[in-house]
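Trainee: Could we go through this model together? I would like to begin with the aromatic rings.

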Amino acid sequence: MLPRYEGQGGSLELGCAGDGGGMMLNYLKGEAYRIAHGRAAYLFAGTLCAIVLAANVLLWAMSSTPGFPYATVRFSMSNLVSMLPLLFYMAGLLVWVLFADDRKDGTLKNAIAHGCSRRDLFLGKCLVATVLGLAILAVVLAVYVGSAVLLLEGSTEAVAILLEGVASALPFTAACVVLGVAVCSALPKTVTAFLVWVAVVSVIPAVLNVVGLGVEPVARLASWLPANFFANEVAINQSGLAQFLWDTPEGLAKCLIAGIAGIAVFGAVGLWRAGKAEL
C-alpha cells in the first residue's frame, strides 16, 4: 500500500512502487498533486508577480513628475537584463520552497520505504523543480513585460533583448536547480544547504574574480563562471550604451557550455551523494 497525500482536493497515492519508469512516474504524479494542492508554489509565483508589477506601476506613477526620464519600457527591461543572476537565486529559492520540509514531514522516508530509489528521488525533484520553475518564469515574464508595455512609454525593442538574455541564462539557471536539490538532499540542515549553494553559485566566483585581477590563469577560470560573466559582460542603460554577451557566437557558446557543464557536474555529484545521504 502506497502512502497517500491528503489535501483539500482529495488524496493521491505517493511513492514509486512499480518497475523502472513506473516508479518515477508515480513519484512525479505525487509531487504534482502535492504542489498543485499546496500554497507554497502559488505564494512564490504570486510574490514575484506582485514585485515586478509594483515596479512598473511605480515607474508609471512617477511619469507625471516633470523631467522624470525612467518611465520607459527600455528602463524597466534593463533592470532585469543587468541583473540576470537573480534568476539563479530564484532557482535556489524555489528548490528551498518546494523541498525544505521533506525530511521533517517524512516524505522521503515514505517514498523510499515504498520502493523509490534515492537516485530516482533526486532526478524526480530536479525534473519537478525545473518544469515548475519554467512555468513560473513564463507567468512572471508575462506580467513583467505586459505591464511594462501597457503602462510605460517607448520602443519595445528592449523586450526582445530581455527575452534573449533570459534564454541565455536558462541553462545555468537549471544547473542552479540541480545544485539546490543536490545540497538539500545531502545536507540535513536547510540553512547549511542554502549557504553551501550560495557559496558555489556566488561567493566562490566572486573570490576568484578578485584573485584573477592579479593572477591571469585564475582570471580565465573566473571569466567562465556565470555569476561573473553575466555581471561583467552585460550592460544596458538609458543613453543607448549596450553590451550583450549573447549577441556574439562566442558569448552565446559560453552561456550554453557553462550551463550544460553545471548541470552535468552538479547532477553527477548529486547522484553520487544521493546514495550516501542520511534521511
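Mentor: Let us fix the rule beforehand: rings of Phe, Tyr and Trp (its six-membered ring) pair if their centres lie within 6.5 Å; planes under 30 degrees apart count as stacked, over 60 as edge-to-face and the rest as tilted. This is a predicted model, in which local features need pLDDT of at least 70 and side-chain atom pairs count only at pLDDT 80 or more, while totals for chains, interfaces and linings use all residues. Residues are numbered from 1 along each chain as its sequence is written, and side-chain values use heavy atoms, with hydrogens and water left out.

Trainee: How many aromatic pairs does that rule give?

Mentor: The count comes to nine aromatic pairs. One of them joins Tyr70 and Phe75, with ring centres 4.8 Å apart.

Trainee: Why is the pair of Tyr70 and Phe75 called tilted?

Mentor: Because their planes stand at 40°, and the tilted class takes whatever is neither under 30 nor over 60 degrees. Tyr70 itself is partly exposed, at a relative accessible area of 35%; buried means under 20%, exposed over 50%, and partly exposed in between (1.4 Å probe, protein chains only).

Trainee: And Phe88 with Phe230, what kind of pair is that?

Mentor: Edge-to-face, because the planes are at 70°, with the centres 6.0 Å apart. The pair links distant parts of the chain, 142 residues apart: Phe88 belongs to helix H4 (residues 86–99) and Phe230 to helix H11 (residues 226–232). Helices here are DSSP runs (H or I, at least four residues), numbered from the N terminus.

Trainee: Are those two rings buried or exposed?

Mentor: Phe88 is buried, with a relative accessible area of 0%, and Phe230 counts as buried at 1%. Both belong to one aromatic cluster with Phe172, Phe229 and Phe266.

Trainee: Moving to charges, which residue lies over the face of Trp224?

Mentor: Lys254 does, at 5.6 Å from the ring centre. The criterion is that NZ of Lys or CZ of Arg is within 6 Å of the ring centre and within 35 degrees of the ring normal. Arg273 likewise lies over the face of Trp272, at 5.8 Å from the ring centre.

Trainee: How many disulfides does the structure hold?

Mentor: Zero, a disulfide being a pair of cysteine sulfur atoms within 2.5 Å. Cys49 is buried at 13% relative accessible area, and Cys126 is buried at 9%.

Trainee: Lastly, where is Leu221?

Mentor: In helix H10 (residues 216–222), partly exposed at 48%. Leu221 is 12 residues from Asn209 in sequence and 8.6 Å from that residue in space, C-alpha to C-alpha.

How values were computed:
Helices (H or I, at least four residues) and strands (E, at least two) are DSSP runs, numbered from the N terminus.
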